[in-house]
Amino acid sequence: MSYEVKSLNEECGVFGIWGHKDAVRVTYFGLHSLQHRGQEGAGIVVNENGKLNGYRGLGLLSEVFKEERALASLSGHGAIGHVRYATAGNGSVDNIQPFLFKFYDGSYGLAHNGNLTNARSLREELEKSGAIFHSNSDTEILMHLIRRSEQPTFIEQLKESLRTVKGGFAYLLLTETAMIAALDPNAFRPLAIGQMKNGAYVIASETCALEVVGATFVRDVQPGEVIIIDDTGYSIEKYTDETQYSICSMEYIYFARPDSNIAGVNVHTARKNMGKILAAEAPVEADMVVGVPNSSLSAASGFAEASGIPYEMGLVKNQYIARTFIQPTQELREQGVRMKLSAVRGVVEGKRVVMVDDSIVRGTTSRRIVKLLKEAGAKEVHVRIASPPLRFPCFYGIDIQTRKELIAADHSVFEIEQLITADSLSFLSEQGLIDAIGLNYDAPYSGLCMAYFNGDYPTPLYDYEKNYQISLQDKREDSCFVSN
């Protein structure tokens with residue numbers, strides 16, 4: 001995926017297994033398939049006969065566990081793991097998950113995918129009552145709430161705490177006797193359950209991780225659910241009935257692997273449909289269609305198929321260069337584009353090219369890719385984006401939290417076209433995106449969160465509302481289909 005270049009990042013991926021004699025290695029392989037969801041840090045907590053132990057570190061999964069003794073030090077029949085790219089909390093090892101809590105009456109492992117919108121006020125309240133935090137991640141808040149609950153059982157304490165936290169969250173907990181998963185009332189983040197041939201249950205952020213470890217898909221975790229897995233199997237409980245599907249549309253557009261299914265919809269198929277609908281909404285005369293590797297290739301193939309314009313490999317990604325998304329300056333991150341992508345002169349020279357990409361965030365990457373193609377001799381470069389313009393920030397687990405970071409927030413489509421030096425520019429419509437994904441939930445936008453495009457947030461923003469007031473008058477009225 002091209003997230004390192006775009007500087008658009010999802011917070012993390014989680015994986016857990018219960019009932020396997022080599023749980024830690026299965027978890028390692030599962031996390032490896034979720035590496036695209038986070039490259040800043042990784043960790044694993046295991047349960048060995050009721051005793052919890054963990055290991056975590058900064059960097060890629062392979063870097064954290066590069067020495068065999070790191071994995072060998074962990075053993076047990078249950079494990080949860082986490083790969084991280086932070087939206088809340090800094091890059092300290094203290095913020096790397098899963099967190100491991102050891103109390104006088106029990107030990108717990110905790111991993112979290114998402115972002116809490118009331119974390120600041122909850123933390124202030126907890127600290128005033130004597131809570132001590134060991135990280136500045138919002139994940140730790142849940143455990144403090146659990147420990148302060150006066151409910152009679154751990155599950156009831158957890159349910160009460162889940163009703164207190166707000167925002168986007170997919171939690172995995174490891175206790176001395178069980179593995180527990182919980183999903184927010186809107187299902188912003190995906191979470192799937194699978195089962196291995198030996199009967200072990202697996203829970204992962206994406207179904208691609210189930211495939212990698214040889215698990216068969218059982219079901220998706222539903223909004224407002226708590227899943228309890230122990231030696232007797234799994235059970236389902238609800239902590240709230242106030243649920244409404246608002247699955248993050250960017251999972252389909254950009255974050256998830258194309259071989260994953262989310263809410264029964266294959267990601268590659270959804271992206272290909274986006275390209276097909278985009279070709280109908282924004283036709284153009286050209287000689288070839290070129291996709292930006294890797295997350296845009298499905299949409300590009302759909303555009304080519306629907307338009308009848310041949311698909312060509314006009315851009316090649318170097319798979320082996322160092323990560324650039326953590327470079328200290330925007331200038332260095334932008335320079336990484338040339339290192340990561342090369343235009344194929346023998347393919348694009350003298351040709352009219354349709355460059356299909358999944359999104360435009362700041363515009364700097366698009367401008368550099370257009371420049372690459374033109375320097376390689378492309379006669380024209382027509383940019384087609386397989387999603388609507390990103391005009392509003394996300395508060396549920398994506399690291400774009402101010403409008404200043406989004407070029408479409410302050411510029412019309414025509415202005416963006418000029419800024420990226422494209423010969424024409426068009427975006428997929430909101431309805432086109434909804435139709436391409438094809439969810440049919442009885443909820444706004446058929447069960448998708450579309451706030452990034454129209455500012456219609458499915459939940460109150462709580463702490464963020466103090467510093468971020470959304471006004472209907474602030475929404476630009478320019479068309480998604482302007483081209484010259």
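**Exercise 1.** Determine how the residues lining the second largest pocket of this predicted model divide into nonpolar, polar and charged, and establish where the pocket lies with respect to domain 1 and domain 2.

*Solution.* Begin with the composition: the lining divides into 8 nonpolar, 6 polar and 3 charged residues. Next, take the lining as a whole, which comprises 17 residues, with Lys 166, Pro 185, Asn 186, Glu 242 and Tyr 462 lying nearest the centre of the pocket. The elements that contribute two or more residues to this lining are helix H7 (154–164) and strand E7 (167–174). Finally, because domain 1 (13–243) and domain 2 (267–317 + 324–442 + 459–476) both give residues to the lining, the pocket lies between them. Its volume is about 320 Å³.

**Exercise 2.** Locate the salt bridge partners Lys 272 and Glu 305 along the chain, and decide whether each of them is buried or partly exposed.

*Solution.* Start from the contact itself, in which the closest N and O atoms of Lys 272 and Glu 305 are 3.0 Å apart. The pair links distant parts of the chain, since Lys 272 belongs to helix H10 (residues 267–281) and Glu 305 to helix H11 (residues 297–307), 33 residues apart. For the exposure, Lys 272 has a relative accessibility of 22% and therefore counts as partly exposed, and Glu 305, at 47%, also counts as partly exposed.

**Exercise 3.** Describe how Glu 127 and Arg 123 are placed within helix H5.

*Solution.* Their side chains meet in a salt bridge of 3.2 Å, N to O. Both residues lie in helix H5 (residues 119–128), 4 residues apart, which is about one turn of the helix.

Note on methods
Residues are numbered from 1 along each chain as its sequence is written. This is a predicted model: local features need pLDDT of at least 70, side-chain atom pairs count only at pLDDT 80 or more; totals for chains, interfaces and linings use all residues. Side-chain values use heavy atoms; hydrogens and water are left out. On a 1 Å grid over the protein atoms alone, a cavity is a set of points where a 1.4 Å probe fits but cannot get out, and a pocket is an open set with protein on both sides within 12 Å along at least five of seven lines; lining residues have an atom within 4 Å of a point. Grid points are joined across faces, edges and corners, and a volume is the space filled by probe spheres set on the points. Ala, Val, Leu, Ile, Met, Phe, Trp, Tyr, Cys and Pro count as nonpolar, Asp, Glu, Lys and Arg as charged, and the others, Gly among them, as polar. Domain bounds come from an automatic or database domain assignment. A salt bridge is a side-chain nitrogen of Lys or Arg within 4 Å of a carboxyl oxygen of Asp or Glu. Buried means under 20% relative accessible area, exposed over 50%, partly exposed in between (1.4 Å probe, protein chains only).
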